[in-house]
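Biologist: I should like to go through this model with you, element by element. Shall we place the structure in view and begin with its interior?

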Amino acid sequence: MSIHSGWLMPHPPLIFPEVGRGKQNEIGATVAAFKAAAVLIAETAPETIVIISPHSVVYSDYFHISSGEGAEGDMRAFGAPGVCVRAEYDEEFVGALSRLCEDEGFPAGTLGEDEGGRERPAALDHGVAIPVRFINEAYKGAGGAVSGASGAAEPPRYVRVGVSGLSVEDHYVFGGLIASVAERLGRKTVVIASGDLSHKLVDDGPYGYAPEGPEFDRVVCEVAEDGDFSRLFDMDAGFLEKAAECGHRPLLVMAGALDRKAVESELYSYEGPFGVGYGIASFVVCGEDGGRTFLDDFLRAELERASERMASESPHVELARRTVESYVRTGRVYESPESLAEELTAGRAGVFVTIKKQGALRGCIGTITPVTENVGEEIRANAVSAAARDPRFPAIDEEELPYLEYSVDVLAPAEPIMGADELDPFRYGVIVNLGRKRGLLLPNLEGIEDAETQVGIAMKKAGIAERDRSLVDLERFEVVRHR
């Protein structure tokens, strides 16, 4: 036995009557589909249910797997402290998954979980507690929801895992490792991607509206109807951020668990009356299908795109790329040829090197004013720092190199300005100064469309409090951006 099925399930706290206090009636289709899905899972009688939650313990560079005998959580954060849900963990599965990840050198395991500094399992988050309550009630036949669920009297054991800040392929690979453990242990396993869809569906919703919101939900619903997981790889980080969703990464893990499996997919319901999309769908395994290799297909396409980029890259970008590749592979800085373009050797300027992977920032380091003898040397120094010394990210490893995208910003000298009304975030970058604190933000960045937002982000980078905005001195600068 191995993976029986995958499921997409939302986690709106108001779906519980104790929280919704009548509002749950406005998502009646979601409630009904959730109950039906729980009954179907109970009738399947899985031995293990793996739930991937974006609200569990989350790290930027590590997938957390919850350990211990189990955990419980309540809805006190949503005004219903009396609602308590408990999940018993499948400790054998957790141990086997952790060991496999360690053996494979994959960044996942049980390290790092504690609550408030106390070494004990963290409370169940609502992303886990909501599907667990529905499933446990289905097993027990609560409220007449279940009639003899395959004779199962007790709920199954659960495995609770979080998502991470790692790449889309890492999430998919993690799902494959989950499937490998299910196969090795002979466990009949169900994998649940717990995630709401976009939170930006309507203007008067709690999070407002963005056109990417309905588009994200449309794509996920199509995936739920036809089982084509390739479209999960087509959405870059900028699009996902604008869509304000929390279901994409759990879905990638679930899809990875179904790699090379034929599935029968069905969308049970979709609603978004509060400005947040709720979808319930199943992906039931019905055999093997060696053609469903969505990650392999995606990586091949990424390599083709990288080859096209290299064929047309500017001397600035080529130098940054070659520098990173040399440093990552050998530990030595790239020795640039004597025949570098004159624009790289004839002048001095501040330079920022930005590295992205699948649209997500992977590293960005720069200098406001030059510290080396020419632009080329500035690029080499900052390329190494962006790849290996950006404190926000782990150092780039060799396997990532083919999929990276570079840009180089060459800064013109900055000039002081009197206020934000002299800024244009599409044309000018900004430098904020207060005492010894200084922060910079480049121009023409995705999602930054007004000067006040631009200044606010630069202040945050500098560690300057919002209350001190009126005290900040501003400078602006232009850049030449090489992609």
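**Cores, helices and sheets**

Biologist: Which residues have the most contacts inside the largest nonpolar core?

Modeller: This is a predicted model, in which local features need pLDDT of at least 70 and side-chain atom pairs count only at pLDDT 80 or more, while totals for chains, interfaces and linings use all residues. Residues are numbered from 1 along each chain as its sequence is written, and side-chain values use heavy atoms, with hydrogens and water left out. A nonpolar core is a set of buried Ala, Val, Leu, Ile, Met, Phe, Trp, Tyr and Cys residues joined through side-chain atoms within 4.5 Å, where buried means under 20% relative accessible area, exposed over 50% and partly exposed in between (1.4 Å probe, protein chains only). The largest such core has 55 residues, and those with the most contacts inside it are Leu97, Phe174 and Phe229.

Biologist: Which helix gives this core its largest share?

Modeller: Helices are DSSP runs of H or I with at least four residues, strands are runs of E with at least two, and both are numbered from the N terminus. Eight residues of the core, the largest share, come from helix α5 (residues 168–185).

Biologist: With which residues is Leu97 in contact, leaving aside its neighbours within four places in sequence?

Modeller: Contact means heavy atoms within 4.5 Å. Apart from the core of Leu97 lies another, of 40 residues, among them Ala33, Tyr89, Phe134 and Val276. For Leu97, the contacts are Ile65, Phe174, Leu177, Ile178 and Val181.

Biologist: How far apart are the end C-alpha atoms of helix α2?

Modeller: The expected span of a helix is 1.5 Å times one less than its number of residues. For the 17 residues of α2 (residues 28–44) this predicts 24 Å, and the end C-alpha atoms agree, being apart by 24 Å.

Biologist: Which strands and helix are included in what covers the buried residues of α2?

Modeller: The buried residues of α2 include Thr30, Phe34, Val39 and Ile41. After the helix comes Ala45, with a positive phi near 55°. The cover of the buried residues includes β1 (3–9), β2 (48–53), α4 (126–140), β8 (189–194), β9 (261–271) and β10 (278–288).

Biologist: Why is α12 described as largely enclosed by the rest of the structure?

Modeller: Helix α12 (residues 375–388) has end C-alpha atoms 20 Å apart, in agreement with the 20 Å expected for 14 residues. Elements covering its buried residues include α10 (315–330), α11 (342–345), β11 (351–357), β12 (360–366) and β13 (404–411). The helix is largely enclosed because the buried residues number eleven of the 14.

Biologist: At the start of α12, which residue's backbone nitrogen does a side-chain oxygen of Asn374 reach?

Modeller: Among the buried residues of α12 are Val375, Gly376 and Glu378. The side-chain oxygen of Asn374 comes to within 3.1 Å of a backbone nitrogen, that of Gly376.

Biologist: In what order do the four strands of the sheet containing β11 stand?

Modeller: β12 and β18 (479–482) are at the edges, each with a single partner strand, so each has one side without a neighbour in the sheet. Strands pair if DSSP finds at least two bridges between them, and β11 and β13 are joined by seven, running antiparallel. The open, antiparallel sheet has the order β12-β11-β13-β18.

Biologist: What angle does the direction of α12 make with that of β11?

Modeller: Axes are lines fitted to C-alpha atoms, for helices over the stretch in contact, and angles run from 0 to 180 degrees between N-to-C directions. Packed on the sheet, α12 touches β11, β12 and β13, and its direction makes with that of β11 an angle of about 40°.

Biologist: Is Ser314 buried or exposed?

Modeller: Ser314 lies in the loop between α9 (294–311) and α10. Not counting residues up to four places away in sequence, Ser314 touches His482 and Arg483. Its relative accessibility is 16%, so Ser314 counts as buried.

Biologist: Which residue takes a positive phi in the hairpin of β15 and β16?

Modeller: The open antiparallel sheet here has the order β14-β17-β15-β16. β15 (429–434) and β16 (437–441) run antiparallel, joined by five bridges, and Leu434 has Lys437 as its bridge partner in β16. Two residues lie between the strands of the hairpin, and the positive phi, near 60°, belongs to Gly435.

Methods: Polar contact = N/O pair within 3.5 Å; in protein donor to acceptor, adjacent residues only side chain to side chain.
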